[in-house]
Amino acid sequence: MAKVMITGANGNIGVVLTEHLKKNHDLTLVDVDFSNLSDSLLEGTTYLNLDLVKRVSTRSTNLGNITRVNDISRRVTSGVISIEEAY
């Protein structure tokens with residue numbers, strides 16, 4: 001079973017994606033607040049409620065950063081590193 005991490009799991013896309021993938025994937029859901037998600041949606045998933053949110057003051061597209069974040073996400077979902085090590 002493939003492992004998938006969904007960031008922003010409580011958002012519109014995250015909820016739909018979770019519902020679609022949860023039957024055939026090992027999901028880790030990450031968000032700052034899970035109060036709006038139903039128990040049935042969270043059932044069978046691992047979810048991480050973040051305590052710290054950092055706002056982005058300037059926005060730009062840095063492909064190097066995107067590549068690093070994707071690499072970290074892949075390593076967390078494959079079990080190579082823990083979420084604590086990723087942070």
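A polar contact is a pair of N or O atoms within 3.5 Å. Keep that in mind for a stop on this tour. One more thing before you start clicking: the model you have open is predicted.

**Stop 1: the whole protein**

Show everything as a cartoon. You should find four helices and three strands. Trace the chain from its start and the elements come in the order β-α-β-α-β-α-α. Now switch on the surface: the protein exposes about 6700 Å², and carbon and sulfur atoms supply 51% of that area. Of the 87 residues, 23% count as buried. As for how the chain meets itself, take the contacts between residues at least 6 apart in sequence: 26% of them join residues at least 24 apart.

**Stop 2: helix α3**

Select residues 63–77, which make up helix α3. How far apart should the ends of these 15 residues be? At 1.5 Å a residue, the span should be 21 Å, and the end C-alpha atoms are indeed 21 Å apart, so the two values agree. Try it with your viewer's distance tool.

**Stop 3: the two ends of α3**

Go to the start of the helix and select Asn 62 and Gly 64. A side-chain oxygen of Asn 62 comes within 2.9 Å of the backbone nitrogen of Gly 64. There is your polar contact, since the cut-off is 3.5 Å. Then jump to Gly 79, which follows α3 and has a positive phi, near 85°.

**Stop 4: a charged pair**

Side chains of opposite charge can pair when their charged atoms come close. How many salt bridges does a search of the whole structure find? Just one. To see it, show the side chains of Asp 71 and Arg 75, which meet at 3.2 Å, N to O. Both residues sit in helix α3, four residues apart, or about one turn of the helix. Asp 71 has a relative accessible area of 35%, so this residue counts as partly exposed. Arg 75 is partly exposed too, at 34%.

**Stop 5: Thr 77**

Stay in helix α3 and select Thr 77. Is Thr 77 buried or exposed? Its relative accessible area is 14%, and the cut-off for buried is under 20%, so Thr 77 is buried. Look at where the side chain of Thr 77 points: it reaches the backbone oxygen of Arg 74 at 3.2 Å. Finally, add Lys 3, Val 4 and Met 5 to your selection. Leaving aside neighbours within four places in sequence, these are the residues that Thr 77 is in contact with.

Conventions
Residues numbered from 1 in each chain as written. Predicted model: local features only at pLDDT ≥ 70, side-chain atom pairs only at ≥ 80, totals over all residues. Heavy atoms only, no water. Buried < 20%, exposed > 50% of the residue type's maximum accessible area, 1.4 Å probe, protein only. Contact = heavy atoms within 4.5 Å. Areas by Shrake-Rupley, 256 points an atom, 1.4 Å probe, with all protein chains shown as cover. Expected span 1.5 Å × (residues − 1). Polar contact = N/O pair within 3.5 Å; in protein donor to acceptor, adjacent residues only side chain to side chain. Salt bridge = Lys/Arg side-chain N within 4 Å of Asp/Glu carboxyl O.
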